[in-house]
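This briefing is meant for a reader who is meeting the structure for the first time. It begins with charge on the surface and then turns to an annotated domain and to pairs of charged side chains.

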2 protein chains.
Amino acid sequence: MAVKLPPLSSLRVFEAAARHGSFTRASEELGMTQAAVSYQMKILEERVGTPLFLRRPRQVVLTETGQRIAPIITEAFELLRAAFVMAEDTSHNFLSITTVTTFATNFLAERIGSFQILHDDIAVRLDTSMSLVDFTREDCDLGIRSGDGQWQGVEAHLLIPAIFSPMLSPDLAQSIGGIKKPSDLLKLPLIDASDPWWKLWFDSMGVQSKEFHGNKRSRMGIQMLEARAAEAGQGVAILTPDFYRDALRRGSLVQPFNEICCDEGRGYWLVYPKARRNIPKIKKFRDWLLNEVQKHACSL
Amino acid sequence: MAVKLPPLSSLRVFEAAARHGSFTRASEELGMTQAAVSYQMKILEERVGTPLFLRRPRQVVLTETGQRIAPIITEAFELLRAAFVMAEDTSHNFLSITTVTTFATNFLAERIGSFQILHDDIAVRLDTSMSLVDFTREDCDLGIRSGDGQWQGVEAHLLIPAIFSPMLSPDLAQSIGGIKKPSDLLKLPLIDASDPWWKLWFDSMGVQSKEFHGNKRSRMGIQMLEARAAEAGQGVAILTPDFYRDALRRGSLVQPFNEICCDEGRGYWLVYPKARRNIPKIKKFRDWLLNEVQKHACSL
DNA sequence: CATAACACATAAAATCTCCTTATGCATAGT
DNA sequence: ACTATGCATAAGGAGATTTTATGTGTTATG
């Protein structure tokens with residue numbers, strides 16, 4: 001590192017001037033004036049301590065020293081150019097998404113294939129993780145998070161509102177002669193009774209109960225497990241109907257009441273740094289995902 | 001050429017920051033403030049269109065894109081550094097001298113070896129050519145020229161004054177019974193009677209003659225030939241005694257008169273661009289040559 | 001747990017670099 | 001000789017870069 005380099009701008013100029021054997025031609029290539037080239041070469045020669053060009057009548061030619069370094073400088077610039085071509089390639093064709101598990105398993109997994117087909121030049125990497133991503137410290141283009149959509153500096157699109165309703169297997173419902181009123185559910189085991197949504201839901205249905213407490217933190221990350229347990233007839237789960245549309249259609253789960261409880265504003269959001277909203281790959285994914293959500297909503 | 005590079009200064013900063021994994025360390029290495037590094041990286045990331053670093057608590061780490069380009073950028077900078085090490089090497093260890101033939105054959109040739117021995121790290125290239133070198137258009141470090149020392153922008157050291165005196169072989173002198181007075185020379189053939197120095201010399205000796213005219217341009221470039229002819233007894237030549245010290249000592253030539261003619265200020269000069277007077281190799285050669293001239297003068 | 005230490009971000013102001021304009025000079029070609 | 005071409009140079013200014021000063025968040029420490 002001991003070697004301190006000359007002003008880099010003068011190197012770019014040198015590279016062009018050496019290639020052309022002319023300051024005027026170089027200035028044209030670089031989009032600057034001939035005077036600027038001359039000035040830069042003067043700077044560079046002063047810094048290097050030895051002339052790099054011989055000023056001949058209608059051209060300049062490299063000195064011995066100039067001849068030796070010119071090809072090396074050219075090579076170095078080729079490398080730099082190559083690096084940025086690669087960078088653009090990477091940043092255009094590589095989309096990294098971090099998503100909460102629930103959304104990935106219940107929505108994204110079965111649809112992401114269509115995005116790949118639509119944009120086969122973009123390689124998608126899906127990371128599932130719990131915590132809310134901070135884009136300044138994680139190498140991610142997009143995130144899908146649950147919350148209220150109030151985040152600083154990010155663009156957020158609501159995908160699926162966080163609404164909940166009890167669900168159970170038809171067999172289990174049958175076992176107590178069907179579910180007629182909300183309190184019927186209390187005859188059956190509640191899967192994870194500590195889930196705060198239970199209390200919210202029963203409250204909104206006018207059913208009093210001391211059973212339901214615990215903090216109000218979302219347990220959405222493990223909805224899938226609760227759904228599986230419910231399908232297996234092990235009890236009643238409180239789930240987001242949007243994610244179990246298929247199960248309801250198939251009949252492996254039933255939703256006895258249309259009433260849902262929701263926490264206004266909460267839900268699953270697509271988020272990304274505001275500053276990057278116009279980057280093509282981000283636009284493409286956003287448009288695709290919002291369209292998928294739209295289709296999903298219409299399929300009701 | 002289609003790829004336009006990001007600001008090069010930001011690349012130098014990136015290279016250092018990537019190497020250190022720290023903006024603060026990089027700023028120390030580069031001798032600037034941490035704020036400047038932060039600013040440059042912001043610029044670069046904006047230009048590339050994608051983050052290059054992830055800001056982690058006590059450090060920064062490269063993103064995927066950053067990781068890809070970092071080694072390439074580093075390599076490019078190594079190349080640039082190598083180029084300038086080489087340039088310095090070339091410019092330090094390669095000394096190119098252009099000299100008039102006379103001085104080379106009569107003075108330099110027999111002494112240059114001692115310079116090589118003294119500075120075996122410097123490769124000397126001797127070019128002999130007639131014309132006065134313009135350092136801005138010839139790839140030369142030093143020149144030895146004849147003239148009056150009045151040149152623009154160059155440092156000039158007088159080496160050997162241009163003084164002349166008739167010389168001839170002892171046998172030829174003997175053939176007319178020895179040379180007693182200047183006019184005796186007129187009994188013998190003058191080698192190149194058109195040489196203007198003849199007229200000057202006879203004039204200064206008080207000998208009138210219509211024979212001598214021609215322009216006053218120095219013929220020094222061909223002195224060697226005239227000397228050879230004189231040694232061979234073909235006539236009388238008017239030569240610079242300093243250059244034929246050996247011949248005089250050996251007795252192959254005699255100088256019948258101590259009187260010389262000289263043109264004040266004219267002579268052989270060491271010249272080089274004023275701006276480059278402090279460059280080591282130039283100082284070394286100058287000091288060596290002036291010392292050799294000194295020794296020569298003392299050996300009278 | 002509070003506090004100090006550390007690292008990066010940001011805003012405003014001061015520099016300083018670099019470019020352009022305008023011009024001069026030398027050479028080559030007509 | 002005269003014109004065109006190409007580089008050098010000076011002056012002036014626009015813009016980039018750096019510094020100073022300060023803020024925020026994190027880790028380490030008592």
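Which residues form a negative surface patch? In this predicted model, the negative surface patch is made up of A:Glu75 and A:Glu78 together with B:Glu75 and B:Glu78. The elements that contribute two or more residues to the negative patch are helix 4 (64-93) of chain A and helix 4 (64-93) of chain B.

**A residue of the patch**

- A:Glu78, one of the residues that form the negative patch, is found in helix 4 of chain A.
- A:Glu78 counts as partly exposed because its relative accessibility is 43%, a value that lies between the 20% limit for buried and the 50% limit for exposed.

**An annotated domain**

- According to UniProt, in an unreviewed entry, residues 6-63 of chain A carry the feature "domain: HTH lysR-type".
- Over residues 6-63 of chain A, the chain is 62% helix and 14% strand, while the end C-alpha atoms lie 18 Å apart.

**Salt bridges**

- Counted over all chains, the structure holds 40 salt bridges, and the pairs described below are among them.
- In chain A, the side chains of A:Asp184 and A:Lys181 meet in a salt bridge with an N to O distance of 3.1 Å; A:Asp184 is buried, with a relative accessible area of 3%, whereas A:Lys181 is partly exposed, with a relative accessible area of 45%.
- In chain B, a salt bridge of 3.0 Å, N to O, joins the side chains of B:Arg55 and B:Glu45.
- B:Arg55 belongs to strand 1 (residues 53-56) of chain B and B:Glu45 to helix 3 (residues 34-48) of chain B, so this pair ties together parts that are 10 residues apart in sequence.
- Of these two residues, B:Arg55 is partly exposed, with a relative accessible area of 29%, and B:Glu45 is buried, with a relative accessible area of 13%.
- B:Lys281 forms a salt bridge with B:Asp141, in which the closest N and O atoms are 3.1 Å apart.
- This pair links distant parts of the chain, 140 residues apart, with B:Lys281 in helix 11 (residues 280-298) of chain B and B:Asp141 in the loop between strand 4 (123-128) and strand 5 (142-147) of chain B.
- Both B:Lys281 and B:Asp141 are buried.

**A network of charged residues**

- A network of salt bridges links A:Glu15, A:Arg19, A:Glu29 and A:Arg81 in chain A.

Note on methods: Residues are numbered from 1 along each chain as its sequence is written. Chains are lettered from A and ligands numbered from 1 in the order in which they are written. This is a predicted model: local features need pLDDT of at least 70, side-chain atom pairs count only at pLDDT 80 or more; totals for chains, interfaces and linings use all residues. Side-chain values use heavy atoms; hydrogens and water are left out. Patches are made of residues with over 30% relative accessible area and no salt bridge: like charges are joined within 9 Å, nonpolar side chains (Val, Leu, Ile, Met, Phe, Trp, Tyr) within 5 Å. Accessible areas come from the Shrake-Rupley method with a 1.4 Å probe; for residues, only the protein chains shown count as cover. A salt bridge is a side-chain nitrogen of Lys or Arg within 4 Å of a carboxyl oxygen of Asp or Glu. Lys and Arg count as positive and Asp and Glu as negative; His and the chain ends are not counted. The place of a charge is taken as NZ of Lys, CZ of Arg, CG of Asp or CD of Glu. Helices (H or I, at least four residues) and strands (E, at least two) are DSSP runs, numbered from the N terminus. Buried means under 20% relative accessible area, exposed over 50%, partly exposed in between (1.4 Å probe, protein chains only). UniProt positions are given in the numbering used here, feature names are shortened, and annotations may be inferred rather than shown by experiment.
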